[in-house]
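Q: I'm new to this one and would like to go through it slowly. Could you walk me through it?

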Amino acid sequence: MNTVLSRANSLFAFSLSVMAALTFGCFITTAFKDRSVPVDIHVSKVMIKNVDDFTGPRERSDLGFVTFDISADLQPIFDWNVKELFLYMSAEYSTKSNALNQVVLWDKIILRGDKTKLNLRDIKSKYFFFDDGNGLRANKNITLTLSWNVVPNAGILPLVEGSGHKSIAFPETYETAKTY
Amino acid sequence: MLSVFKSIPTHMDYKGQKLAEQIFQGVILVSAVIGFIYGLFIQQFGWTVYIMLAGFALSCLLTLPPWPVYRKNPLTWQPPLPETPGENREKPQENLKKKKHK
């Protein structure tokens with residue numbers, strides 16, 4: 001029987017279907033977009049220490065300290081299907097024991113509406129750059145990369161790597177002064 | 001209290017029901033298309049949703065209450081038969097039953 005409630009029900013169901021179609025449209029208009037932008041990374045200071053790693057192999061391991069600058073314009077990434085960006089700086093290197101090591105040094109969340117022009121100076125890494133051995137000393141090729149996770153309104157959650165890597169070499173000698 | 005609610009007329013005739021359905025589908029689809037284009041243009045999906053919800057509210061207002069426009073084609077019922085006094089008031093089925101028993 002057609003009553004006020006049955007009309008309200010069919011109206012509501014139809015609206016929800018249309019809303020789902022709109023959301024899919026929002027996804028499909030942004031699904032094939034390239035979300036990589038150039039990133040400029042500059043490393044101002046590098047040092048290593050040889051300290052006890054109580055979480056790891058119970059020996060003295062290499063702990064790296066990297067101070068770096070980042071400048072990038074993230075404006076082209078934002079569109080109507082982006083809620084936030086999760087930026088993270090990762091270091092990649094190879095040692096004798098592992099062909100590929102990846103360590104996340106730093107991260108930052110950029111919300112929609114935040115300032116999108118990044119110009120960060122003298123950032124210290126947020127997380128410990130520990131090697132599981134002594135692979136950092138005199139390592140000539142440690143690549144820093146800024147990548148990001150795009151958090152969308154609808155659809156897939158892409159991981160994008162910024163174009164622009166920075167390759168650094170670690171020093172031969174350990175820093176001994178206790179400057180925590 | 002309940003009888004007050006029951007006395008509110010909510011009925012639409014059949015043509016009115018069809019018209020109401022066509023109206024709400026049309027209003028919601030048009031607002032969805034407008035919202036999508038506007039949201040795509042200013043790159044804010046929130047506005048798409050708001051415009052769509054405005055269409056929802058408008059169509060609720062237009063089609064939920066039984067406005068007179070939905071009641072223009074009432075069904076034509078047969079006129080009530082004139083009541084005659086006496087035995088003829090009994091229903092025909094009851095007469096049949098009585099015959100069977102005899």
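A: Gladly, and one term should come before the rest: a helix here is a DSSP run of H or I covering at least four residues, while a strand is a run of E covering at least two. Please also keep in mind that this is a predicted model.

Q: With that in hand, how much of residues 23-41 of chain B is helix, and how much is strand?
A: Over residues 23-41 of chain B the chain is 100% helix and 0% strand, and 27 Å lie between the C-alpha atoms at the two ends.

Q: What does UniProt call that stretch of chain B?
A: An unreviewed UniProt entry gives residues 23-41 of chain B as "transmembrane region", and it places the feature at residues 47-64 of chain B as well. Over residues 47-64 the chain is 94% helix and 0% strand, with the end C-alpha atoms 25 Å apart.

Q: And which residues of chain A does UniProt list for "transmembrane region"?
A: It lists residues 12-32 of chain A, again from an unreviewed entry. In the model, that part of chain A is 90% helix and 0% strand, and its end C-alpha atoms are 32 Å apart.

Q: Switching topic, how many residues of each chain are in contact?
A: On the chain A side there are 18 residues, and they are in contact with 22 residues of chain B. The chain A side of this contact is made up of nine nonpolar, seven polar and two charged residues.

Q: At what angle do helix H1 of chain A and helix H3 of chain B pack?
A: Helix H1 of chain A (residues 4-30) and helix H3 of chain B (residues 45-63) pack at an angle of about 160 degrees, and their axes are 11 Å apart. Because angles over 145 degrees count as roughly antiparallel, H1(A) is roughly antiparallel to H3(B). The crossing of H1(A) past H3(B) is right-handed.

Q: Which residues meet there?
A: From H1(A) they include A:Arg7, A:Leu11, A:Ser15 and A:Cys26, and from H3(B) they include B:Phe45, B:Met52, B:Phe56 and B:Thr63. The residues of this helix contact divide into nine nonpolar, four polar and one charged.

Q: Back to chain A on its own, what domains is it divided into?
A: Chain A is divided into domain 1, residues 1-32, and domain 2, residues 35-168. Taken over C-alpha atoms, the centres of these two domains of chain A are separated by 42 Å. Their contact takes five residues from domain 1 and six residues from domain 2, and the domain 1 side has three nonpolar, two polar and no charged residues.

Terms used: Residues numbered from 1 in each chain as written. Chains lettered and ligands numbered in written order. Predicted model: local features only at pLDDT ≥ 70, side-chain atom pairs only at ≥ 80, totals over all residues. Contact = placed C-beta atoms within 7 Å. Nonpolar A, V, L, I, M, F, W, Y, C, P; charged D, E, K, R; others polar. UniProt positions renumbered as here; feature names shortened; annotations may be inferred. Axes fitted to C-alpha atoms, helices over the stretch in contact; angles between N-to-C directions. Parallel < 35°, antiparallel > 145°, perpendicular 65-115°, else oblique. Left-handed = near helix turned anticlockwise from the far one by under 90°. Domains from an automatic or database assignment.
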